[in-house]
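Me: I'd like to go through some labels on this model and hear what backs each one up. Here it is.

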Amino acid sequence: MREYRLSRPLAAAALGALLSQASALAQIAPTRSLDELKAETQSRADRNAYPVVGLKPDDVREALGRIHSLDRDEWAAAWGSIAERYATRATAEEASGLRKEAQADYLNAWRYYSFARWPVTNSPGKERAYALALEAFANYARYLDPPPELVRIPFEGKEIVGYLQLPMGVRPAPLVLAISALDSRKEEHVERGQALLTRGIGIFSLDMPGTGQAPIKIDLGAERMFSRSLDYLEMRPEVDARRVVVQGGSWSGYWSAKLGILERDRLKGVVVQGGPIHSYFQPDWQTKALGTREYLFDLFPARASVYGVRTLDEFLAYGPRLSLKELGLIEKPSAPMLLVNGDNDSQVPIADLDLLLHAGSPKEAWVNPGSGHMGRSAEWPDRRIFELIVTPWIERHLHSPLNK
């Protein structure tokens with residue numbers, strides 16, 4: 001066996017780096033133990049709370065019974081087994097002509113495969129689960145009326161992948177460009193998009209940089225991916241490119257806010273729901289927020305993955321450069337904005353909403369007192385906020401008179 005030894009200066013440097021990393025990690029609240037994670041997951045399933053919305057409590061109990069460690073592949077396999085059961089049943093139902101039943105079971109398969117890869121595809125098992133989730137969703141989407149179109153836009157030698165779904169009988173159709181968040185994916189916007197379609201509004205859903213099928217990680221100019229998407233929409237005669245609203249929630253609220261400023265002449269409005277603006281990116285907030293129990297688990301791996309960094313020190317150093325305040329954008333005019341959040345948000349500080357609200361162009365805000373991230377509470381779950389607050393605002397702005 002060959003023996004390798006570090007020189008004393010190199011050994012000291014390596015030890016110093018390890019101690020620095022350990023010191024930084026020690027400031028973050030410990031993650032949930034396996035028993036705590038299982039109990040919290042079941043509790044959220046019982047009350048249909050994020051991120052297990054739509055999962056059946058009995059299925060969740062069964063999957064959790066198969067998990068005996070915090071190993072990510074074991075996690076993926078447990079949820080994947082539930083998903084596979086639904087996918088197999090859907091295939092049989094489809095072969096028997098039971099279209100409605102097949103659609104429902106393909107949807108269930110997608111939900112469980114998607115949770116198997118949650119929050120980030122950082123193991124071989126989770127990568128397989130994500131591929132199967134996309135396959136199950138494609139089978140589910142075939143039954144939608146109208147079915148979404150899978151769009152591939154050439155971009156920097158790669159491609160932007162999105163779903164375009166337009167309402168029946170409205171041409172050209174106004175449209176929402178919906179951006180997924182840190183751990184959600186573009187498919188979820190399609191699933192809940194019926195509230196828009198029934199109002200004669202189309203939806204174009206994309207994964208944000210660093211997630212899903214997005215072609216790039218987050219960098220200072222990553223919004224170019226969405227600008228390219230707006231260029232594409234202008235070439236589609238079925239889309240009214242003069243009537244587009246950008247919707248972002250959680251991390252993707254950052255992109256909607258930034259686009260609302262940089263692309264304001266091409267947008268009728270933007271929704272910034274729980275979006276990071278400035279304070280979120282500062283090391284003092286991140287050190288505290290990474291230990292929040294509002295997030296189920298693996299928050300740091302999910303947040304680090306979108307930057308393409310691995311260590312806490314790299315992560316804390318990367319964020320501040322993204323601040324819209326430091327970029328000099330806060331005071332600039334913008335498209336109309338709706339700002340939404342809860343004032344007890346432990347993931348993105350309410351101070352970011354306040355900063356954006358009181359700078360630049362006039363804005364509207366909806367704040368749920370005492371609630372958490374995105375404005376969620378028992379009384380105001382995600383779907384209710386979307387259908388009663390966000391969607392009417394979008395409809396009002398898309399149907400307002402053109403000013404150009």
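What follows is a short back-and-forth on salt bridges and burial.

Reply: Ground rules before we start: this is a predicted model, where local features need pLDDT of at least 70 and side-chain atom pairs count only at pLDDT 80 or more, while totals for chains, interfaces and linings use all residues. Residues are numbered from 1 along each chain as its sequence is written, and side-chain values use heavy atoms, leaving out hydrogens and water.

Me: Why is the pairing of arginine 66 with glutamate 62 called a salt bridge?

Reply: A salt bridge needs a side-chain nitrogen of Lys or Arg within 4 Å of a carboxyl oxygen of Asp or Glu. The closest N and O atoms of arginine 66 and glutamate 62 are 2.7 Å apart, so the pair qualifies. Both belong to a salt-bridge network with Asp59 and Arg85.

Me: What makes arginine 66 partly exposed?

Reply: Buried means under 20% relative accessible area, exposed over 50%, and partly exposed in between (1.4 Å probe, protein chains only). Arginine 66 has 37%, so partly exposed fits. Glutamate 62, at 27%, therefore gets that label too.

Me: How do you know that arginine 243 and aspartate 240 are buried?

Reply: Arginine 243 comes out at 17% and aspartate 240 at 7%, so each counts as buried. They form a salt bridge, with closest N and O atoms 3.3 Å apart.

Me: Why does arginine 32 have no salt bridge?

Reply: Its nearest side chain of opposite charge, glutamate 40, is 4.2 Å away, so the cut-off isn't met. The arginine 32 side chain does reach the backbone oxygens of tyrosine 295 at 3.0 Å and leucine 296 at 2.8 Å.

Methods: Lys, Arg positive; Asp, Glu negative; His and termini not counted. Polar contact = N/O pair within 3.5 Å; in protein donor to acceptor, adjacent residues only side chain to side chain.
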